[in-house]
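These are my notebook entries from an afternoon of looking things up in one structure. I kept them in the order in which I checked them.

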Amino acid sequence: MRHFLVTLLAVLTLALSGCGYNTFQSTDEQIKASWSEVLNQYQRRADLIPNIVATVKGEANFEQETLTKVVEARARATSIQATPELVNNPEAFNKFQAAQGELSSALSRLLVVTENYPNLKANQGFQDLRVQLEGTENRITVARGRYVKAVQDYNVAVRTFPSNLTAMVFGYGVKANFSVTDEAALAVPPKVDLGGIGASGAKK
């Protein structure tokens with residue numbers, strides 16, 4: 001009887017390996033790790049923003065609307081609870097993605113506008129924060145790229161035969177991913193328009 005159980009277990013192990021079960025385990029773990037890193041970098045960016053806003057506020061006549069948009073975009077992005085379950089909910093994932101994209105856009109605008117303020121350009125503290133922000137944007141791009149690849153590998157297994165049969169049996173569904181269009185847009189770090197954008201009371 002014991003020999004039979006050992007043989008049965010071996011057969012089941014081989015069957016599960018051959019039908020993609022182990023692939024789902026490994027790729028799902030990779031998705032979790034990649035997603036955690038994405039969130040880590042987004043949090044790093046969110047933590048930098050209050051210091052950036054406080055520094056910019058010290059500049060006389062700085063565009064209040066630009067600052068307000070950054071603050072509001074950060075509030076919306078950080079209000080979404082980015083739990084691991086988020087990646088299994090396309091609607092919630094898209095909402096999260098849109099909020100982070102809006103924050104990226106607001107920050108990019110902020111960096112462009114600061115070019116009109118010589119005092120900010122000469123402020124070493126602000127320049128250090130700016131370097132940290134741009135470095136974080138690059139880390140976000142890398143982290144998102146790894147997440148995209150991990151989800152792609154997982155979703156391929158969910159959709160292809162015979163692993164798709166295992167997916168149906170064990171309830172593995174397709175996971176949400178960053179959209180191609182948005183990924184292309186966010187892959188470009190914030191740029192500075194040296195031509196400048198007019199700011200009330202600002203001089204180049």
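**Entry 1: Lys-121 and its partner**

I started with Lys-121, which is partly exposed at 43% relative accessibility. I noted that the model is a predicted one. I then looked for the salt-bridge partner of Lys-121 and found Glu-115, with the closest N and O atoms 3.5 Å apart. That distance passes because the cut-off for a salt bridge is 4 Å.

Next I looked up where Glu-115 sits. I found Glu-115 in the loop between helix 4 (90–114) and helix 5 (118–122). Is Glu-115 buried or exposed? I read a relative accessible area of 14% for Glu-115, so I wrote down buried, since buried means under 20%.

**Entry 2: from Glu-115 to helix 6**

I checked what else the side chain of Glu-115 touches. I found a polar contact with the side chain of Arg-130, at 3.1 Å. Arg-130 counts as buried too, as I read 8% relative accessibility for Arg-130 and 14% for Glu-115.

I then followed Arg-130 further. Arg-130 forms a salt bridge with Glu-134, and I noted 3.6 Å between the closest N and O atoms. Why are Arg-130 and Glu-134 separated by about one helical turn? The two residues are 4 residues apart in helix 6, so about one turn lies between them. I put Glu-134 down as partly exposed, with a relative accessible area of 25%.

**Entry 3: a second pair in helix 6**

I looked in helix 6 for another pair with this spacing and wrote down Asp-153 and Lys-149, which are 4 residues apart, or about one helical turn. Their side chains meet in a salt bridge at 2.9 Å, N to O. I checked the cover on each residue. Asp-153 is partly exposed, with a relative accessible area of 34%, and Lys-149 is partly exposed at 42%.

**Entry 4: salt bridges in the whole structure**

How many salt bridges does a search of the whole structure find? I got 11. I also noted a network of salt bridges that links Asp-28, Glu-29, Lys-32 and Lys-175.

**Entry 5: the loop after helix 6**

I moved on to Thr-160, which I found in the loop between helix 6 and helix 7. I read 35% relative accessibility, so Thr-160 counts as partly exposed. Its side chain reaches the backbone oxygen of Val-156 at 2.8 Å. I also compared positions along the chain and in space: Thr-160 and Gly-20 are 140 residues apart along the chain, and their C-alpha atoms are separated by 9.9 Å.

Phe-161 lies in the loop between helix 6 (124–159) and helix 7 (163–170). I entered Phe-161 as exposed, because its relative accessible area is 66% and exposed means over 50%. Which residues make a nonpolar surface patch of about 380 Å²? I listed Phe-161, Leu-165 and Met-168.

**Entry 6: Ser-79**

My last look-up was Ser-79, in helix 3 (residues 64–79). I recorded Ser-79 as exposed, with a relative accessible area of 57%. Ser-79 and Ala-99 are 20 residues apart in sequence, and I noted 9.4 Å from C-alpha to C-alpha.

Terms used. Residues numbered from 1 in each chain as written. Predicted model: local features only at pLDDT ≥ 70, side-chain atom pairs only at ≥ 80, totals over all residues. Heavy atoms only, no water. Patch = residues over 30% accessible without salt bridge, like charges linked within 9 Å, V, L, I, M, F, W, Y side chains within 5 Å. Areas by Shrake-Rupley, 256 points an atom, 1.4 Å probe, with all protein chains shown as cover. Buried < 20%, exposed > 50% of the residue type's maximum accessible area, 1.4 Å probe, protein only. Polar contact = N/O pair within 3.5 Å; in protein donor to acceptor, adjacent residues only side chain to side chain.
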